[in-house]
Amino acid sequence: MAQSVKGMRDLFGAELRWFQHIEETARRVFERHGYSEIRTPILEELDVFKRSVGESSDIVNKEMYEFTDRGGRRVVMRPEATAGIVRAAIQHKLLASSDPVLFYCIGPQFRYERMQTGRYRQFWQIDAESLGVATPESEAESLLMLHSFLKELGLRHLVFSINSVGTPESRPAFHAAFRAFFAQRENLFCADCHRRVETNPLRVLDCKNETCQAALEGHPVITDHLDEASARHHLRLKELLMELGLPFEENPRLVRGLDYYTRTAFEVLSSDLGAQSALLGGGRYDGLVKQLGGPEVPGFGWAIGLDRLAIVLQQVRGKAPYAPPALLIPLGDRAATEALKLARSLWDAGVALQLETRGGALKKAMATANRTGVETVLILGDGELDGGTITVKHMATGEQEIWPLGEVAARLK
Ligand code: AMP
């Protein structure tokens with residue numbers, strides 16, 4: 001029997017109901033904030049990610065699905081959304097004026113990662129990007145939107161974990177201090193960290209190895225090495241978050257796995273996912289547009305994993321808000337024809353209804369209704385047809401009543 005590819009799964013049933021609910025909520029909240037949707041292709045040229053996510057990142061190093069297409073192009077199945085969105089904004093000259101460009105994007109991403117709970121090779125992200133604004137106020141706006149989104153989904157007790165990773169100009173000062181610290185205890189760090197300290201010392205802070213995390217005790221903190229403007233920016237963001245009552249904590253080890261971040265980096269963790277599982281992350285990327293060949297335009301954005309969000313919501317809220325439509329069961333040939341006509345008029349009136357079309361015994365149809373959790377069953381037999389009525393059974397109570405046929409649409413709505 002053929003199986004789906006490892007790390008890639010079929011979505012349906014209860015899990016997909018959560019996905020749909022999350023996506024609807026995202027669209028409603030984001031559109032309310034003036035964001036509009038963008039859908040970029042799954043495939044991008046390899047260069048788009050090499051030049052943005054960065055050669056020192058795990059994603060580019062070892063996680064991308066990349067291949068040569070039939071035309072000989074090196075292409076990648078997108079591992080994240082921001083680079084493609086920025087590529088699109090440049091290509092379509094959306095950044096030519098100084099107007100902000102506010103986009104959200106919902107879709108699958110691909111990373112060849114080790115499998116574990118909430119980690120897949122095809123996973124879904126909801127992504128929000130604000131291009132063209134460099135202010136801490138734009139970050140506060142974006143975080144408020146994120147907060148409303150999570151609140152409307154019913155999540156509580158979420159804490160924003162924030163840091164500033166400075167700018168490419170201010171980072172060398174931190175690098176020097178950090179390399180000096182590292183040199184004093186380098187035998188405590190793993191081989192990967194020895195490589196990272198050369199290519200991108202920030203990445204050492206991010207090492208998943210517990211021994212390395214312990215060895216980092218007392219490490220130089222990047223926010224102590226910020227240039228003046230970045231320090232002011234960071235302070236202002238914290239002030240705004242306090243004014244707005246958005247709960248946050250500072251995490252000096254938070255650097256995020258992508259190379260393009262400048263200044264603000266943040267994550268939201270959820271204890272419902274087990275150890276160290278970030279529900280979402282994001283930050284500012286003021287150099288990215290230029291890096292991808294566009295004008296000097298700043299940006300801020302974040303991506304939340306739909307798969308993980310669905311797991312958390314399932315734990316916190318149980319079943320997704322969804323009720324199957326009423327089920328209409330005809331008994332006999334005459335009723336089968338009339339049921340199709342009745343169903344058509346109900347569908348045209350906007351009523352949600354499933355029609356039993358198998359024919360045969362009522363018992364079988366009722367068993368299906370029980371299994372699928374239908375709340376209302378409508379039964380149409382010869383007796384009902386003669387009387388211009390329909391029998392209605394409420395599954396939760398077992399209670400039965402008779403409705404005039406002409407009132408079905410209004411009553412079901
Ligand atoms: P990142 O693009 O790495 O910043 O990830 C942003 C969010 O996407 C994470 O916080 C997760 O919720 C989600 N995510 C990243 N990688 C995976 C994966 N392999 N499987 C499921 N969700 C993921």
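Here is a chat about some helices and cysteines in a predicted model.

Student: Hi! Let's start with helix H10. What span should its 17 residues have, and how far apart are its end C-alpha atoms?

Tutor: Hi! H10 covers residues 228-244, and at 1.5 Å a residue the expected span is 24 Å. The end C-alpha atoms are 24 Å apart, which agrees.

Student: Nice. Which residues of H10 are buried?

Tutor: Those are Ser-230, His-233, His-234, Leu-237, Lys-238, Leu-240 and Leu-241. Looking down the axis of H10, you find the buried residues within an arc of 160°, so they line one face of the helix.

Student: Why do residues three or four places apart point the same way in an α-helix?

Tutor: Because an α-helix has 3.6 residues a turn.

Student: Ok, and what do the buried residues of H10 pack against?

Tutor: One helix and several strands: H5 (136-152), S7 (159-164), S8 (248-250), S9 (262-269) and S10 (278-284).

Student: Which exposed residues sit on the face of H10 turned away from the buried side?

Tutor: That face carries Glu-228, Arg-232, Met-242 and Glu-243.

Student: What about the residue just after H10, what phi does Gly-245 take?

Tutor: Gly-245 has a positive phi, about 70°.

Student: You mentioned H5. Where does Ser-148 lie, and is Ser-148 buried or exposed?

Tutor: Ser-148 is part of helix H5. Its relative accessibility is 18%, and the cut-off for buried is under 20%, so Ser-148 counts as buried.

Student: Which residues does Ser-148 touch?

Tutor: Leaving out residues up to four places away in sequence, Ser-148 touches Val-29 and His-33.

Student: Switching to helix packing: at what angle do H1 and H12 pack?

Tutor: H1 (residues 13-32) and H12 (residues 306-317) pack at about 105°, and their axes are 9 Å apart. The two helices are therefore roughly perpendicular to each other.

Student: Which residues make the contact?

Tutor: On the H1 side they are Ala-14, Trp-18, Phe-19, His-21, Ile-22 and Glu-23. H12 brings Leu-306, Asp-307, Leu-309, Ala-310, Leu-313, Gln-314 and Arg-317.

Student: Last topic, cysteines. How many disulfides does the count come to?

Tutor: The count is 0 disulfides.

Student: Why is there no bond for Cys-207?

Tutor: The closest cysteine sulfur, in Cys-193, is 3.7 Å from the sulfur of Cys-207. A disulfide needs the sulfur atoms within 2.5 Å, so that distance is too far for a bond.

Student: And are Cys-207 and Cys-105 buried or exposed?

Tutor: Cys-207 counts as buried at 6% relative accessibility, and Cys-105 counts as buried at 2%.

Terms used. Residues numbered from 1 in each chain as written. Predicted model: local features only at pLDDT ≥ 70, side-chain atom pairs only at ≥ 80, totals over all residues. Heavy atoms only, no water. Buried < 20%, exposed > 50% of the residue type's maximum accessible area, 1.4 Å probe, protein only. Helix = DSSP H or I, 4+ residues; strand = E, 2+ residues; numbered from the N terminus. Expected span 1.5 Å × (residues − 1). Arc of directions from axis to C-beta. Contact = heavy atoms within 4.5 Å. Axes fitted to C-alpha atoms, helices over the stretch in contact; angles between N-to-C directions. Parallel < 35°, antiparallel > 145°, perpendicular 65-115°, else oblique.
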